[in-house]
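Hi,

Here is the structure I promised to pass on to you. Have a look at it first, and then read on for what turned up.

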Amino acid sequence: MSGPDWLGAGLPHIWLPYTQMRTVSPPLPTVATEGCRIRLADGRELVDGIASWWTACHGYNHPHIRQAAMAQLARMPHVMFGGLVHEPALRLARRLSDLLPGDLERVFFTDSGSVAVEVAIKMAVQYWLNRGVRGRSRLVAFRGGYHGDTLATMAVCDPEEGMHSLFAGVLPEHFIADLPRDDASRDALERLMAREAGQVAAILVEPLVQGAGGMLFHDAASLRFLRDLADRHGVLLILDEVFTGFGRTGSLFACEQAGIVPDIITLSKALSGGTVPLAATVARRHVFAAFLSDDPLHALMHGPTFMANPLACACANASLDLFAGEPRLEQVAAIGAQMRAELEPCRHLPGVRDVRVMGAIGVVELERIGDMNRLKARLVEQGVWVRPFRTIVYLTPSFTITPGELAKLTGAIRTVLADPP
């Protein structure tokens with residue numbers, strides 16, 4: 001394969017994500033990022049339409065985050081969080097508690113969204129065990145949902161969406177229901193809870209947008225219904241804001257649009273501004289109280305080696321500085337308005353099923369994608385980096401993207417879908 005020496009030398013030893021390695025198109029060798037652009041080894045620049053899986057909310061290499069990372073790297077890049085604490089983590093925990101609604105005030109740091117959700121599941125189940133309640137070990141989750149790739153989180157994803165269906169029979173069994181979007185689905189969920197609430201530890205949902213399950217939207221009324229349902233049946237409500245948190249849907253946290261407070265919330269992706277892996281599981285006061293005991297077995301037995309990594313926490317604090325000091329939510333609103341105007345013409349193209357926008361999320365849903373590799377290649381030929389999946393072509397750009405860069409992304413999608421491969 002042509003390209004830099006490191007490409008040919010290293011590719012035979014790499015296993016790529018979500019990829020059939022026998023048929024995959026060659027990955028693009030990347031050498032630098034800046035702002036909303038990715039530079040390839042051959043000198044081409046691509047406008048990034050997905051912010052590296054929705055993480056680089058401030059763009060790449062933001063000078064404020066870079067400066068914070070360099071300063072922390074010089075002081076203390078890492079120290080274990082068992083028996084030791086440090087200023088970046090404690091400051092970040094306090095700031096997250098101040099930003100989140102209600103009494104979400106106890107922060108458990110991990111290093112990926114999947115693990116943050118896994119910790120939330122463990123918290124919810126152990127919450128009942130610590131209170132002497134047995135049998136509440138199952139969750140209610142929803143079709144179209146995606147919560148991660150670990151064994152525990154695969155079990156609460158949509159069982160039919162394909163990514164994890166191979167593991168049916170291996171994973172723990174939970175209750176997978178339709179989201180309460182209308183009277184029929186609300187009634188069905190009511191019947192499920194009336195019948196099975198004694199087995200349920202928590203309800204788990206991605207608020208407003210189910211991300212990797214298909215960029216499926218639902219409204220704030222659905223979230224309020226779930227909060228009420230959880231309260232009436234005495235179960236916990238977990239909101240997975242790994243994707244939706246930090247401005248992506250138009251508010252800092254999606255749950256704010258419904259005016260609800262979950263019992264547990266998970267955060268990751270944009271938490272560190274897309275710089276260093278970091279995640280958090282944040283619990284309300286009454287959840288944390290169930291773990292306070294003279295019995296050591298009532299402690300939360302979880303502790304990733306790189307938990308609360310100081311370098312990651314310093315980057316996250318710098319990212320929160322930018323949310324406080326720069327007009328990120330106004331930028332999200334402008335991105336949404338531009339995408340609505342510029343993606344709407346796709347609705348009239350052959351094979352397009354739907355066009356939808358929420359916050360800085362723009363989606364063109366197709367009836368089918370025939371040649372996925374060719375579709376991706378044609379988008380690259382247009383000078384953009386967009387990664388369609390299933391039947392979805394979507395944009396989740398950095399909030400700092402310029403109108404011209406965004407227009408290049410939307411124009412590329414219109415051009416390619418007008419003559420699909």
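Let me start with A51, which counts as buried because its relative accessible area is 0%, against a limit of 20%. This is a predicted model, so please keep that in mind throughout. A51 belongs to helix 2, which covers residues 51-54. What caught my eye is the backbone: A51 is not a glycine, yet its phi is positive, at about 50 degrees. Most residues other than glycine have a negative phi.

W54 sits in helix 2 too. Its phi is also positive, near 75 degrees, and W54 is likewise a residue other than glycine. With 9% relative accessibility, W54 is another buried residue.

W54 also leads to the annotated lysine. Which residues does K269 touch, once those up to four places away in sequence are set aside? They are W53, W54, T55, V242, F243, G274 and L278. The UniProt record, an unreviewed entry, puts "modified residue: N6-(pyridoxal phosphate)lysine" on K269. You will find K269 in the loop that runs between strand 11 (264-267) and strand 12 (279-284). Is K269 buried, partly exposed or exposed? It is partly exposed, since its relative accessible area of 26% falls between the limits of 20% and 50%.

Now for the interior. The largest nonpolar core has 121 residues, and the members that touch the most others are L96, F109, I203, M215 and F246. Helix 5 (residues 113-130) supplies the largest share of this core, with 10 residues. If you want one residue to centre your view on, try F246. Leaving out residues up to four places away in sequence, F246 touches L96, L252, F253, L267, S268, A270, L271, L320, F323 and F399.

L395 is worth a stop as well. It lies in strand 16 (residues 392-395) and, at 0% relative accessibility, is buried. Beyond four places in sequence, its contacts are G49, M339, A360, I361, G362, V386, L406, L409, T410 and I413. As a sense of scale, the C-alpha atoms of L395 and L129 are 42 Å apart, while the two residues are separated by 266 residues along the chain.

Another one to click on is E405, in helix 13 (residues 403-418). Is this glutamate buried or exposed? E405 is buried, because its relative accessible area is 11% and the limit is 20%. Apart from neighbours within four places in sequence, E405 is in contact with C36, R37 and V47.

On the outside, L151, L166, F167 and V170 make a nonpolar surface patch of about 440 Å². F167 is in the loop between helix 6 (151-154) and strand 6 (175-177), and it counts as partly exposed at 33% relative accessibility.

Last, the salt bridges. The count comes to 24, and I picked out three.

- D42 and R44: the closest N and O atoms are 2.8 Å apart. D42 is exposed at 52% relative accessibility, and R44 is partly exposed at 38%.
- R195 and E196: these side chains meet with an N to O distance of 3.3 Å. R195 is exposed, with a relative accessible area of 56%, whereas E196 is buried at 16%.
- R353 and E367: here the N to O distance is 3.2 Å. R353 is in strand 13 (residues 352-358) and E367 in the loop between strand 14 (361-366) and helix 12 (372-381), so this pair ties together parts that are 14 residues apart in sequence. Both partners are partly exposed, R353 at 44% relative accessibility and E367 at 45%.

The R353 and E367 pair is also part of something wider. Which residues do salt bridges with shared partners join into one network? They are E344, R347, R353, D354, R356, E365 and E367.

That is what I have for now. Happy browsing!

Best wishes

Notes: Residues numbered from 1 in each chain as written. Predicted model: local features only at pLDDT ≥ 70, side-chain atom pairs only at ≥ 80, totals over all residues. Heavy atoms only, no water. Core = buried A, V, L, I, M, F, W, Y, C linked by side-chain atoms within 4.5 Å. Buried < 20%, exposed > 50% of the residue type's maximum accessible area, 1.4 Å probe, protein only. Helix = DSSP H or I, 4+ residues; strand = E, 2+ residues; numbered from the N terminus. Contact = heavy atoms within 4.5 Å. Patch = residues over 30% accessible without salt bridge, like charges linked within 9 Å, V, L, I, M, F, W, Y side chains within 5 Å. Areas by Shrake-Rupley, 256 points an atom, 1.4 Å probe, with all protein chains shown as cover. Salt bridge = Lys/Arg side-chain N within 4 Å of Asp/Glu carboxyl O. UniProt positions renumbered as here; feature names shortened; annotations may be inferred.
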